[in-house]
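Please open the structure in the viewer and set the side chains to a stick representation. The tour concerns aromatic rings and their surroundings.

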Amino acid sequence: MRRFIFLFLALVFVLSSCSMLEKVGFTTYKTEYTQLLKRRTKSYTLYRDFSTIAKIKVTHFNKKLFSYYINTTSHSIKDKRFESYLDEFDSYDIYYVAFYTPDFDINNLSDKNSFWNTYLSACGEILRPVSIDSIDTNDWRSNWLISVDMERWAREYVVKFKRVNCRRKILAFSSFLGTAMLDFEDDDKSKNK
C-alpha cells in the first residue's frame, strides 16, 4: 500500500512539474511547428457510388514552416544540406502530398501519363506542376507529416508549382472518377486575394 501511495505521489509531482516547466518557458512537443503544420495541412476523401476513390492529405510548405521543421528536429537552419530546399521556396509553391487510392495502378501522380490531372488554381490562373517527385519511405522528407495522421498505404509526393503572388490557392487532383480540391490560404496578409 505504501508503495502505491509513493508511486501516486511521484506521478502527481512529475505531472505538476511538467506543467510548471511549460509556464517557465520550456516547450512541449506541441510547438509552433506542429500547430502551423496542422493549420497548413488539408485532407480530402473522394467518394463515388459509396466507395472511396482517393484519400489525399496535403501540406502547403513554405520557408517558415520548413524552418520550424529544421529547428524541431534539432538541426541548424545554417546546415548546408537544407540550403537548396530553403532557396526553392523563393521560386516555387511546394506541396507535400500523401495520396491513397484502393487501386495502386492509378496512384501514379509522378508519371507523365498519370491517371490524375494535377493543377493549381491561383487568382484566376491555372498552373501545371513544374515537377512531381515520388518520395521513397527511406527519404528524410517522408517524415514531414510525422505529426499529422496519414493514410498508412499512401504514396508520398512533393509537388512544385511556379510561385504565384496570390493569397488563396486551390490544389486539385482530377480524373474521370471525380475531382478533389484542397483550398489553401497563405498566412501573409499582404498578398493579393
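Which residues do ring pairs link into a cluster? Select Phe99, Phe115, Trp116, Phe173 and Phe176, which ring pairs join into a cluster. Please bear in mind that the model is predicted. The count of aromatic pairs comes to 8.

Within the cluster, turn next to phenylalanine 99 and tryptophan 116, an edge-to-face pair with a centre-to-centre distance of 5.3 Å and 70 degrees between the planes. Colouring by secondary structure shows that this pair links distant parts of the chain, 17 residues apart. Phenylalanine 99 belongs to strand E3 (residues 92-100), whereas tryptophan 116 lies in the loop between E3 and strand E4 (117-122).

Display the accessible surface for these two residues. Phenylalanine 99 has a relative accessible area of 0% and is therefore buried. Tryptophan 116 is likewise buried, at 4%.

Keep tryptophan 116 selected and add phenylalanine 115. Their ring centres are 5.5 Å apart and their planes meet at 80 degrees, so this pair too is edge-to-face. Is phenylalanine 115 buried or partly exposed? Its relative accessibility is 25%; buried means under 20%, so phenylalanine 115 counts as partly exposed.

Finally, select tyrosine 92 together with lysine 160. Lysine 160 lies over the face of the tyrosine 92 ring, 5.8 Å from the ring centre.

Definitions and conventions:
Residues numbered from 1 in each chain as written. Heavy atoms only, no water. Phe/Tyr/Trp six-rings, centres within 6.5 Å; stacked < 30°, edge-to-face > 60°. Helix = DSSP H or I, 4+ residues; strand = E, 2+ residues; numbered from the N terminus. Buried < 20%, exposed > 50% of the residue type's maximum accessible area, 1.4 Å probe, protein only. Lys NZ or Arg CZ within 6 Å of the ring centre and 35° of its normal.
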